[in-house]
Amino acid sequence: MASLHFSKRMMATDIKTLSIPPSQYAKKGNRSIEAAIVKILYFDYLRTNKINGAFLAMDLENCFDRMAHLVSSLCTQRLGVPPQITQCMIRTLCQMKHFIRTAYGDSKWSYIGAKNKPLQGAVQGNGAASPIFVAISCTILAYLERQVVGISAYSAITLTLFTLVAILYVDDSDILIAAVEKDETAYSVSKRAQKAATAYQNGVHQTGGAVRPEKCRWYSISFRWIAGEWKYDNNPNNKKVYIQNSDGNDKEIERLKVNEGWKGLGILAAPDGKWKDHVTYLIEEKIKPWNASIRTSYLHRHDVYRSAFTSIFKSIDYTLPATSMTTSQCKLINTQLHKKFLPRIGVDVHLPLPYRYAPKCLQGLGSMNIEIKQFTEKTQDILTTCRNIVTNRQNDSINDRKYASSHRSKSAVVFT
């Protein structure tokens with residue numbers, strides 16, 4: 001019942017009616033990497049226009065377990081869930097008995113919420129937990145948009161005004177702030193970043209949640225000019241950003257330098273557009289552990305070949321639409337990627353590269369070339385976005401003609 005009413009019906013209806021804002025990417029038809037791409041484009045926009053900005057990566061504490069039932073009910077009813085369904089869900093969660101399962105078996109004792117202090121949250125593993133949090137996040141985002149001025153930009157061709165305050169993927173929230181005027185100082189932008197952090201913390205607190213300051217990071221992005229050439233200012237001001245933890249104490253959020261990457265949605269992106277930290281992350285955290293596992297495994301050659309295409313290649317492929325790694329960085333990843341893979345499938349490591357990357361129909365291995373795959377993924381995303389824009393405009397035009405036609409027919413009937 002939880003998955004049917006909340007995950008399927010509520011989410012499907014909200015996508016059709018556009019009730020979920022575009023800034024929330026945790027819905028059908030969107031991918032998490034698209035939220036990372038928006039973040040990268042935000043950094044590129046500041047760098048291209050030399051505009052001061054601030055970026056806050058916010059992290060919540062036990063988001064599914066801290067959702068207040070009253071807020072969950074109101075937010076899901078706002079998105080079309082019948083009150084009887086929400087009441088049934090909340091009553092079940094309040095009256096649920098909890099046991100502890102260990103390697104030695106299940107516990108004989110259990111615990112349950114009291115009538116004057118019922119347990120909150122949607123329970124991990126509940127099919128309705130993620131949709132309920134998406135419904136709550138929509139309300140938090142609407143509140144944040146009324147309290148904070150984020151980034152405003154015009155599209156290149158149609159000159160359409162585009163405004164954005166935050167991008168979310170479930171509880172992964174990134175707040176984007178840019179200078180309103182060209183001459184707005186970095187200190188002024190940092191003050192707005194503090195206001196945004198406070199507004200976000202207040203919105204989360206009203207829903208029963210809490211922000212985890214030790215997991216949050218922020219950037220102060222500014223520029224300085226020396227002899228007609230621009231550089232990033234790593235020490236633009238001494239402004240600090242504070243946020244309250246679950247105990248109500250103010251904690252300082254760590255500020256990173258613009259050349260330091262911070263992991264979000266599987267991407268280690270830095271505001272300066274360099275990808276050295278992400279390359280190190282892929283090699284040290286992804287490729288080398290996989291190489292060590294296949295080196296000592298008893299898998300057959302064909303199993304190792306299938307494992308590469310279904311695990312490590314997929315992990316790297318996921319990040320490529322958002323990255324802009326250089327040729328030398330791609331070559332380094334390719335070298336580390338095939339260092340243990342080729343010997344384990346019985347292929348000489350000195351095999352010419354055309355045979356390594358050629359498709360199987362041309363007698364090649366069909367292995368992944370990071371640079372080519374990165375280019376094709378970006379091209380595919382651009383073409384998909386253009387196609388969606390054209391489709392949406394065609395649908396809008398058809399709807400406008402239908403409305404005009406129905407309006408004329410009604411007017412004719414009234415006149416007759």
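# Worked exercises on a predicted chain

Among contacts in the chain between residues at least 6 apart in sequence, 69% join residues at least 24 apart. The model is a predicted one, so let's work through it piece by piece.## Exercise 1: The chain as a whole

Describe the overall make-up of the chain: its secondary structure, its span and its burial.

*Solution.*
- Step 1. Begin with secondary structure: the chain has twelve helices and 15 strands.
- Step 2. Next, take the extent of the C-alpha trace, which is about 75 × 70 × 65 Å along the principal axes.
- Step 3. Then turn to burial: 44% of the 416 residues count as buried.
- Step 4. Finish with the surface. The chain exposes about 24,000 Å², and 55% of this comes from carbon and sulfur atoms.

## Exercise 2: Two helices that cross

Work out how helices α3 and α5 are oriented to each other, and which residues make the contact.

*Solution.*
- Step 1. Locate the helices: α3 covers residues 69-78 and α5 covers residues 129-147.
- Step 2. Consider the axes, which come within 9 Å and cross at roughly 85 degrees.
- Step 3. Angles from 65 to 115 degrees count as roughly perpendicular. Helices α3 and α5 are therefore roughly perpendicular to each other.
- Step 4. List the contact residues. From α3 come V71, S72, C75, T76 and R78, while α5 contributes I132, A135, I136, C138 and T139.
- Step 5. Look at burial within α3: H69, V71, S72, S73, C75 and T76 are its buried residues. They pack against α5, and also against α1 (2-17), α4 and α6 (186-206).
- Step 6. Follow the chain just past α3, where G80 has a positive phi of about 105 degrees.

## Exercise 3: Salt bridges

Compare the settings of the pairs E254 with R217, K288 with E284, and E34 with R31.

*Solution.*
- Step 1. A search of the whole structure gives ten salt bridges.
- Step 2. Take E254 and R217, whose side chains meet at 2.9 Å, N to O. This pair links distant parts of the chain: E254 is in strand β13 (residues 254-256) and R217 in strand β8 (residues 217-221), 37 residues apart.
- Step 3. Check accessibility for this pair. E254 is partly exposed at 41%, whereas R217, at 14%, is buried because the cut-off for buried is under 20%.
- Step 4. Move to K288 and E284, which meet in a salt bridge of 3.1 Å, N to O. Because they are four residues apart in helix α7, about one helical turn separates them. An α-helix has 3.6 residues a turn, so residues three or four places apart point the same way.
- Step 5. Both partners are partly exposed: K288 has a relative accessibility of 38%, and E284 has 40%.
- Step 6. Salt bridges with shared partners join R31, E34 and D381 into one network. Within it, the closest N and O atoms of E34 and R31 are 3.8 Å apart. E34 is partly exposed at 23%, and R31 is partly exposed at 38%.

## Exercise 4: Two residues in their surroundings

Is N291 buried or exposed, and where is I100?

*Solution.*
- Step 1. Place N291 in helix α7 (residues 276-295). Its relative accessible area is 6%, so N291 is buried.
- Step 2. Find its neighbours: leaving out residues up to four places away in sequence, N291 touches Q336, L337 and K340.
- Step 3. Place I100 in the loop between α4 (83-94) and β2 (101-102). I100 is partly exposed, at 39% relative accessible area.
- Step 4. Put I100 in context: together with W109 and Y111, I100 forms a nonpolar surface patch of about 330 Å² accessible area.

Notes: Residues numbered from 1 in each chain as written. Predicted model: local features only at pLDDT ≥ 70, side-chain atom pairs only at ≥ 80, totals over all residues. Heavy atoms only, no water. Patch = residues over 30% accessible without salt bridge, like charges linked within 9 Å, V, L, I, M, F, W, Y side chains within 5 Å. Areas by Shrake-Rupley, 256 points an atom, 1.4 Å probe, with all protein chains shown as cover. Salt bridge = Lys/Arg side-chain N within 4 Å of Asp/Glu carboxyl O. Helix = DSSP H or I, 4+ residues; strand = E, 2+ residues; numbered from the N terminus. Buried < 20%, exposed > 50% of the residue type's maximum accessible area, 1.4 Å probe, protein only. Axes fitted to C-alpha atoms, helices over the stretch in contact; angles between N-to-C directions. Parallel < 35°, antiparallel > 145°, perpendicular 65-115°, else oblique. Contact = heavy atoms within 4.5 Å.
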